[in-house]
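Colleague: Can you walk me through this model, sheet by sheet, then the ligand and the helices? Keep it short.

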Amino acid sequence: MTATMLLLTFAICRLIVTVGLITLDPSELLRLRVDGQLTVDQVDLEAASLDFGMLGKTEPLAVLHPGSAQDVARIVEAGYRSAHGFTVSARGHGHSINGQAQTRNGVVVQMSGEGRAAPPRVAVGERYVDVWGGELWIDVLKSTLEYGLAPKSWTDYLYLSVGGTLSNAGISGQAFNHGPQISNVHELDVVTGKGELLTCSEEKNSDLFYAVLGGLGQFGIITRARIALEPAPQRVRWIRVLYSNFSAFTKDQEYLISLHDLPASQKFDYVEGFVIVDEGLINNWRSSFFSPRNPVKVSSLGSNGGVLYCLEITKNYDESTTDIIVDQEVETLLKRLNFIPTSVFTTDLPYIDFLDRVHKAELKLRAKGLWELPHPWLNLFVPKSRISDFDNGVFKAILSNKTSGPILIYPMNKNKWDQRSSVVTPEEDVFYLVALLRSALDDGEEMHSLEYLTSQNREILRFCDEAGIKVKQYLPHYTTQEEWTEHFGNKWDRFYQRKMEFDPRQILATGQRIFRPNF
Ligand code: FAD
């Protein structure tokens with residue numbers, strides 16, 4: 001018997017033992033030949049049982065490192081067809097918060113990691129790149145830059161997988177202009193919950209295409225994505241300006257995103273913002289920009305109660321553009337804004353360094369042991385009409401200037417989101433992302449503890465509910481089907497029907513806790 005056969009036999013024994021009353025047919029899995037590796041190695045099981053959130057741990061029975069899209073299809077088909085079934089969850093880079101890529105009594109398909117099933121393929125003339133579903137965005141960027149091209153829409157952090165962000169939306173400061181990442185995909189290869197490998201796009205298998213985009217992994221595993229590209233800018237003028245007045249801050253953000261249809265020279269390329277509280281590294285790891293050459297003393301800028309709001313904008317340009325033109329375009333836009341006049345911080349850097357900025361902050365936090373901590377993150381889409389109620393009720397009251405991590409806040413245009421996709425956003429034309437990116441510390445201070453932060457998250461959700469602020473969770477986390485039904489609102493029926501069509505045994509991505517496997 002070969003080592004692989006021994007491993008498989010061991011895996012199958014575990015499947016039988018652990019599932020208990022549910023007996024899987026070992027011969028079905030024994031017949032499974034994979035191009036990659038199906039393993040029950042404890043190191044693999046342990047890695048697949050954890051995620052960035054560090055809030056819970058669920059160990060799978062086995063881990064597949066796929067060597068091809070066919071491997072993914074083989075394992076899902078086995079789960080679907082076997083007499084009693086087993087669950088299958090794709091895992092990209094495991095940067096979920098609440099165990100969304102984990103599964104019990106099933107197999108985790110580790111899509112990202114050493115050795116990829118297919119290298120990126122750039123079509124220069126057509127301006128797209130075909131990438132493996134587990135490819136990290138940083139590697140997508142590096143491969144397209146070789147041809148002077150780059151994707152249009154990003155996340156702030158690039159060590160996330162293509163399949164992982166497309167299962168949610170994928171947003172950053174470019175979303176007001178280009179829409180989320182799911183609005184910038186031409187085509188996908190997807191393994192459905194029946195183990196079929198299908199190509200889908202707006203024209204072909206369109207129901208599957210839109211189901212999968214923002215579909216929380218419920219309808220299939222993305223093995224290939226065709227991503228739209230644009231000529232890559234060479235440099236970025238990166239500007240931050242400060243506000244002590246929240247409504248001046250949001251008014252300016254809303255003005256800037258309203259320019260989305262104007263030519264590139266008349267708008268910024270990226271619009272974000274965040275709340276600044278002077279509280280040390282863990283709270284401001286996203287604002288290292290200011291130091292060491294530009295230290296900011298919040299108190300010196302006339303902030304009200306120690307809180308400032310920072311608008312962050314960029315202008316992309318090529319080295320052939322003169323500084324005078326870049327300066328003029330920036331100046332023309334800045335003149336129309338109402339920030340604190342003495343608070344303009346500017347830097348200039350290569351495009352890749354700007355896009356990869358959060359990784360630098362990660363390295364700093366890692367060096368201080370502040371990266372691998374529990375992360376009770378809460379991401380909300382807040383309708384524009386209620387953002388000032390949110391400021392009063394959450395930033396100024398519930399949090400009362402104690403953030404325990406960065407708070408991002410920036411608006412987006414709903415017309416850049418395709419309503420045929422599975423993702424849900426508030427009803428209004430403009431809505432904000434408010435991201436409370438908090439880390440729990442075990443330093444004896446109650447306000448830093450996981451329990452405190454988790455209960456504060458609940459308080460924020462309760463406040464929104466009672467105040468009638470119709471927020472939608474981004475990267476949603478719920479545990480009952482009633483909550484999920486409410487989350488999806490009028491999209492629920494279609495979501496459910498698509499689930500019945502593409503994953504009728506409900507074996508995929510059970511870590512999202514939307515459906516239970518029906519075996
Ligand atoms: P995983 O955690 O591995 O998986 C997430 C979900 O997607 C699971 O349900 C999984 O089953 C499913 N899935 C994974 N791969 C596939 C696939 N190939 N096919 C189908 N389903 C799949 N999000 C933003 O939009 N913008 C940001 O700026 C941003 N910044 C972040 C910064 C950090 C430091 C972190 C930790 C997260 C950030 N996120 C951001 C959230 C991130 O986009 C999501 O958590 C995303 O799912 C992570 O990708 P992943 O590859 O780690 O996915």
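**Strands, shell and helices**

Colleague: Which residue in S9 stands opposite Val190?
Modeller: This is a predicted model: local features need pLDDT of at least 70, side-chain atom pairs count only at pLDDT 80 or more, and totals for chains, interfaces and linings use all residues. Residues are numbered from 1 along each chain as its sequence is written. Strand S8 (residues 185-192) pairs with strand S9 (residues 197-201) in the antiparallel sense, over five bridges. Opposite Val190 in S9 stands Leu198.

Colleague: What counts as a strand and a pair here, and which turn residue of the S8-S9 hairpin has a positive phi?
Modeller: Strands (E, at least two residues) and helices (H or I, at least four) are DSSP runs, numbered from the N terminus. Two strands pair if DSSP finds at least two bridges between them. Four residues lie between S8 and S9 in the hairpin. The turn residue with a positive phi, about 85°, is Gly195.

Colleague: Which strands edge the open sheet of four strands?
Modeller: The order is S1-S2-S4-S3, with mixed pairing. Each edge strand pairs on one side only: they are S1 (37-39) and S3 (87-91).

Colleague: Which residue in S2 is the bridge partner of Leu38?
Modeller: S1 and strand S2 (residues 62-65) pair in the antiparallel sense, over three bridges. The bridge partner of Leu38 in S2 is Leu64.

Colleague: Why is one side of S14 and of S18 left without a neighbour in the sheet?
Modeller: Eight strands form this open sheet, in the order S14-S11-S13-S12-S16-S17-S15-S18, and the pairing is antiparallel. S14 (345-350) and S18 (472-473) stand at the edges, so each has a single partner strand.

Colleague: Which residue in S17 is the bridge partner of Ile409?
Modeller: Strand S16 (residues 407-413) and strand S17 (residues 430-436) run antiparallel, joined by seven bridges. The partner of Ile409 is Val434.

Colleague: How many residues surround the ligand, and which elements give two or more of them?
Modeller: A residue counts if its C-beta atom, placed from the backbone, lies within 6 Å of the ligand. The shell has 36 residues, the closest being Gly92, His95, Ser161, Gly163 and Gly164. Elements giving two or more are S3, helix H6 (162-166) and strand S10 (220-231).

Colleague: Are H14 and H15 roughly parallel or roughly antiparallel?
Modeller: Helix H14 (residues 387-398) and helix H15 (residues 450-466) pack at about 155°, with axes 10 Å apart. Axes are lines fitted to C-alpha atoms over the stretch in contact, and angles run from 0 to 180 degrees between N-to-C directions. Angles over 145 degrees count as roughly antiparallel, and under 35 as roughly parallel. That makes the pair roughly antiparallel.

How values were computed. Parallel < 35°, antiparallel > 145°, perpendicular 65-115°, else oblique.
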